[in-house]
Amino acid sequence: MTDRKTTFETLDQLLRKDEANLTRLAEVLEQEHRSLAGNDMQQLEQATSEKNELLDALRERAKQKIRLLAQLGYRPDSGQAVSDYLRDQAGADSLLMQRWEAAQKQLSECQHRNAVNGRILGHLQRRISRISDIIRGVDQQQALYGSTGESQSLTHSQVFASA
């Protein structure tokens, strides 16, 4: 079993990398937001690609952190928050806790920014769909709500019977 000090040092290194990636992710999400606002699809594609790379790196490090914490005795299925577990550990220094909490705050901010961008993208998709319906001559009165609550145009293949 790895000694506690080495494990905490490794956790600290992983959190430093998370901090750098989350800072960059926030910048990329802002770039994505500007791309959506300006309808710059090329910049949007670049931002999305970089965002996915950053998220993959963060996910991989999250797995590594959980494995390290498990070596210390943390049980992910216990329902205990990692921050509470680290706080309870005598060897968890305050700097590690500060890094953990800062990373969690950054992650929460990035999730919020991503949700905002998702809503903007959804709005743009609905707008394009309405324009497409107009071009195809689909009557806006023939719209139904689907299982997700989204408005869906009624097409001839969806008509079960007509009066």
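When two helices pack, the axes in question are lines fitted to C-alpha atoms over the stretch in contact, and the angle between their N-to-C directions runs from 0 to 180 degrees. With that in hand, take helix 1 and helix 2 in this predicted model: they pack at an angle of about 160°, and their axes lie 9 Å apart. An angle over 145 degrees counts as roughly antiparallel, so helix 1 and helix 2 are roughly antiparallel to each other. The crossing of helix 1 past helix 2 is left-handed. As for what sits in that contact, its residues split into 18 nonpolar, nine polar and nine charged.

Let's step back for the overall layout. The protein has four helices and two strands, and reading along the sequence gives the pattern α-α-α-α-β-β. Of its 163 residues, 29% count as buried.

Helix 1 is a good place to start a tour. It has 35 residues, which at 1.5 Å a residue should span 51 Å; the end C-alpha atoms turn out to be 50 Å apart, so expectation and model agree.

What follows helix 1? Asparagine 39 does, and its phi is positive, near 55°. That sign comes up here although asparagine 39 is not a glycine. The residue belongs to the loop between helix 1 and helix 2. With a relative accessible area of 48%, asparagine 39 is partly exposed, because that label covers values between 20% and 50%.

Now for the other partner of helix 1. Helix 1 and helix 4 pack at an angle of about 25°, with 9 Å between their axes. Are these two roughly parallel or roughly antiparallel to each other? Angles under 35 degrees count as roughly parallel, and helix 1 and helix 4 are therefore roughly parallel. Helix 1 passes helix 4 in a left-handed crossing. The residues of this contact divide into 17 nonpolar, five polar and six charged.

Two residues of helix 4 are worth a click in your viewer. One is leucine 121, which is found in helix 4. Its C-alpha atom is separated by 7.1 Å from that of leucine 36, although the two are 85 residues apart along the chain. Leucine 121 has a relative accessible area of 37%, so it is partly exposed. The other is asparagine 117, also placed in helix 4. Between the C-alpha atoms of asparagine 117 and arginine 34 there are 9.6 Å, with 83 residues separating the pair along the chain. Buried or exposed, what is asparagine 117? Its relative accessible area is 4%, and since buried means under 20%, asparagine 117 is buried.

That leaves the nonpolar core. In soluble globular proteins, nonpolar side chains tend to be buried together. Here the largest nonpolar core holds 24 residues, and the members that touch the most others are Leu11, Leu25, Leu69 and Leu86. Which elements give two or more residues to this core? They are helix 1 (4–38), helix 2 (41–72), helix 3 (82–88) and helix 4 (94–136). Helix 1 supplies the largest share, nine residues.

To tie things up around helix 1: this helix runs roughly antiparallel to helix 2 and roughly parallel to helix 4, and the largest share of the core comes from it.

Methods: Residues are numbered from 1 along each chain as its sequence is written. This is a predicted model: local features need pLDDT of at least 70, side-chain atom pairs count only at pLDDT 80 or more; totals for chains, interfaces and linings use all residues. Side-chain values use heavy atoms; hydrogens and water are left out. A nonpolar core is a set of buried Ala, Val, Leu, Ile, Met, Phe, Trp, Tyr and Cys residues joined through side-chain atoms within 4.5 Å. Buried means under 20% relative accessible area, exposed over 50%, partly exposed in between (1.4 Å probe, protein chains only). The expected span of a helix is 1.5 Å times one less than its number of residues. Angles under 35 degrees count as roughly parallel, over 145 as roughly antiparallel, 65 to 115 as roughly perpendicular and the rest as oblique. A crossing is left-handed if the near helix is turned anticlockwise from the far one by less than a right angle, and right-handed if clockwise. Ala, Val, Leu, Ile, Met, Phe, Trp, Tyr, Cys and Pro count as nonpolar, Asp, Glu, Lys and Arg as charged, and the others, Gly among them, as polar.
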